[in-house]
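Reader: I should like to learn how the features of a protein model are read, one after another. Might we begin with the pairing of strands?

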Amino acid sequence: MTEDIFPCLWFDGKAKVAAEFYCGIFKNSKILSENPMVVNFELNDKKFMGLNGGPMFKFNEAVSFVITCADQTEIDYYWNKLTENGEESMCGWLKDQFGVSWQVVPSILGSLMSDPMKAERVSNAFMQMRKMDIEKLINA
């Protein structure tokens, strides 16, 4: 296979606005090309396409983008940027102002959940959280 696989996000006429918003948040990001129908952009060197598709389809939680964060500062940064004019949900999930779902999680979550002595306590802890709190997860 020689072609890349990348997501195409259906926006109601706001693909360029969305691409600019995301490129302003993620490092190593840029708009690659655009025309009235499509905006191609990269976030942290990952390709995306924004489509000005109209109001027929809406985003939902069936698809989300996961951001793994090294520390609480990164979690706070992405959470605050993406929930601005968006909405918080539970367990590190949120919707941004365009309705796109994101999971902002600590990179250590997998190892915490793999520890049979801690997994249940960690799970119970993050089930009570909106934004993930690394210290509370570690101390669970």
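Author: Strands of a sheet pair through backbone hydrogen bonds, in either the parallel or the antiparallel sense. In this predicted model, L9 of strand 1 has G50 of strand 4 as its bridge partner. The two strands run parallel and share four bridges.

Reader: To what sheet do strand 1 and strand 4 belong, and in what order do its strands lie?

Author: The sheet is open and has four strands in the order 1-4-3-2, with mixed pairing. Strand 1 and strand 2 are the edge strands; each has a single partner, so one side of each lacks a neighbour in the sheet. From one strand to the next, the twist averages 25°.

Reader: Which strands of the sheet does helix 1 touch?

Author: Helix 1 packs on the sheet and touches strand 1, strand 2, strand 3 and strand 4. The direction of helix 1 makes about 10° with that of strand 3.

Reader: Which residues of helix 1 are buried, and what covers them?

Author: Burial is read from relative accessible area, with under 20% counted as buried. In helix 1, which spans residues 15-25, the buried residues are A15, A18, A19, F21, Y22, C23 and I25. Their cover includes strand 1, strand 2, strand 3 and strand 4, together with helix 2 (72-83) and strand 8 (101-106).

Reader: How is an exposed residue recognised, taking I5 as the case?

Author: A residue counts as exposed when its relative accessible area is over 50%. I5 lies in the segment before strand 1. Its relative accessible area is 72%, so I5 is exposed. I5 and K47 are 42 residues apart in sequence, and their C-alpha atoms are 8.3 Å apart in space.

Reader: Strand 8 was named as part of the cover of helix 1. How many of the residues of strand 8 are buried?

Author: Six of the six are buried, so strand 8 is largely enclosed by the rest of the structure. S101, Q103 and V105 point one way from the strand, while W102, V104 and P106 point the other way.

Reader: With which strands does strand 8 pair?

Author: Strand 5 (residues 64-69) runs parallel to strand 8, and six bridges join them. S64 has S101 as its bridge partner there. Strand 7 (residues 93-95) pairs with strand 8 in the antiparallel sense over three bridges, and L94 stands opposite W102. Five residues lie between the strands in the hairpin of strand 7 and strand 8, where G99 takes a positive phi near 90°.

Reader: Turning to pockets, what is the volume of the largest pocket, and which residues line it?

Author: A pocket is described by its volume and its lining. The largest pocket holds about 250 Å³ of space. F26, L43, N44, K46, F48, F65, V66, I67, T68, E74, Y78 and W102 form its lining. Strand 5 gives the most, with four residues, and strand 4, strand 5 and helix 2 each supply at least two. The lining comprises eight nonpolar, two polar and two charged residues.

Reader: What are the volume and lining of the second largest pocket?

Author: The volume of the second largest pocket is about 200 Å³. Its lining consists of W10, F11, D12, K14, F57, K58, F59, Q97, F98 and G99. By class, five of these are nonpolar, two polar and three charged. G99, one of the lining residues, is also the hairpin residue with the positive phi.

Note on methods. Residues are numbered from 1 along each chain as its sequence is written. This is a predicted model: local features need pLDDT of at least 70, side-chain atom pairs count only at pLDDT 80 or more; totals for chains, interfaces and linings use all residues. Side-chain values use heavy atoms; hydrogens and water are left out. Buried means under 20% relative accessible area, exposed over 50%, partly exposed in between (1.4 Å probe, protein chains only). Contact means heavy atoms within 4.5 Å. Two strands pair if DSSP finds at least two bridges between them. On a 1 Å grid over the protein atoms alone, a cavity is a set of points where a 1.4 Å probe fits but cannot get out, and a pocket is an open set with protein on both sides within 12 Å along at least five of seven lines; lining residues have an atom within 4 Å of a point. Grid points are joined across faces, edges and corners, and a volume is the space filled by probe spheres set on the points. Ala, Val, Leu, Ile, Met, Phe, Trp, Tyr, Cys and Pro count as nonpolar, Asp, Glu, Lys and Arg as charged, and the others, Gly among them, as polar. Axes are lines fitted to C-alpha atoms, for helices over the stretch in contact, and angles run from 0 to 180 degrees between N-to-C directions.
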